[in-house]
Amino acid sequence: DKLRKTFEDKLKNLSRSQGEVLIDIIERNTNRSMYDILKEYKSGSSAFWWNSLSKAYGYDLKDKYNPNNNPTLEKIIAEYELTHRKK
């Protein structure tokens with residue numbers, strides 16, 4: 001409930017590209033597809049519904065993150081991790 005209260009409004013107002021980047025970051029850090037995450041935490045039918053909707057916008061939630069598909073994001077994350085590494 002605390003997480004929902006803190007982040008729900010911000011997440012609802014993401015642009016499509018911001019949402020795709022967020023999904024990529026979540027998948028990258030969990031090494032799981034968003035479909036599998038939704039299936040585990042919500043339900044199989046919910047994951048199916050969201051995947052069907054995402055396909056209408058050219059995105060498949062069953063596809064896991066592939067760093068070769070987004071080299072710009074990989075570069076940004078690498079630079080962030082380099083400058084924010086705990087010493």
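Biologist: What makes you say Glu27 has no salt bridge, and how far away is the nearest side chain of opposite charge?

Modeller: In this predicted model, the nearest side chain of opposite charge is Lys64, 9.1 Å away. A salt bridge needs a side-chain nitrogen within 4 Å of a carboxyl oxygen, so Glu27 ends up buried without one.

Biologist: Okay, and where is Glu27, and which residues does it touch?

Modeller: Glu27 is in helix α2. Leaving out residues up to four places away in sequence, Glu27 touches Arg32, Ser33, Met34, Tyr59, Leu61, Asp63, Lys64 and Tyr65.

Biologist: Why is Leu11 called partly exposed?

Modeller: Its relative accessible area is 46%. Buried would be under 20% and exposed over 50%, so Leu11 falls in between. Leu11 sits in helix α1.

Biologist: What makes Leu11 eligible for the nonpolar patch, and which residues share that patch?

Modeller: Patch members need over 30% relative accessible area, and Leu11 has 46%, so that condition is met. The patch is made up of Leu3, Phe7, Leu11, Leu14, Leu22 and Ile26, together offering about 500 Å² of accessible area. Both α1 (2–12) and α2 (16–30) give two or more residues, with α1 giving the most, three.

Biologist: And which residues form the largest nonpolar core?

Modeller: Eight of them: Ile23, Met34, Tyr35, Ile37, Leu38, Ala47, Tyr59 and Leu61. Helix α3 (residues 34–41) gives the most, four residues.

Biologist: How do you know Leu38 is in contact with residues beyond its sequence neighbours?

Modeller: Contact means heavy atoms within 4.5 Å. With neighbours within four places set aside, Leu38 is in contact with Ser43, Ala47, Trp50 and Leu61.

Key. Residues numbered from 1 in each chain as written. Predicted model: local features only at pLDDT ≥ 70, side-chain atom pairs only at ≥ 80, totals over all residues. Heavy atoms only, no water. Patch = residues over 30% accessible without salt bridge, like charges linked within 9 Å, V, L, I, M, F, W, Y side chains within 5 Å. Areas by Shrake-Rupley, 256 points an atom, 1.4 Å probe, with all protein chains shown as cover. Buried < 20%, exposed > 50% of the residue type's maximum accessible area, 1.4 Å probe, protein only. Core = buried A, V, L, I, M, F, W, Y, C linked by side-chain atoms within 4.5 Å. Lys, Arg positive; Asp, Glu negative; His and termini not counted.
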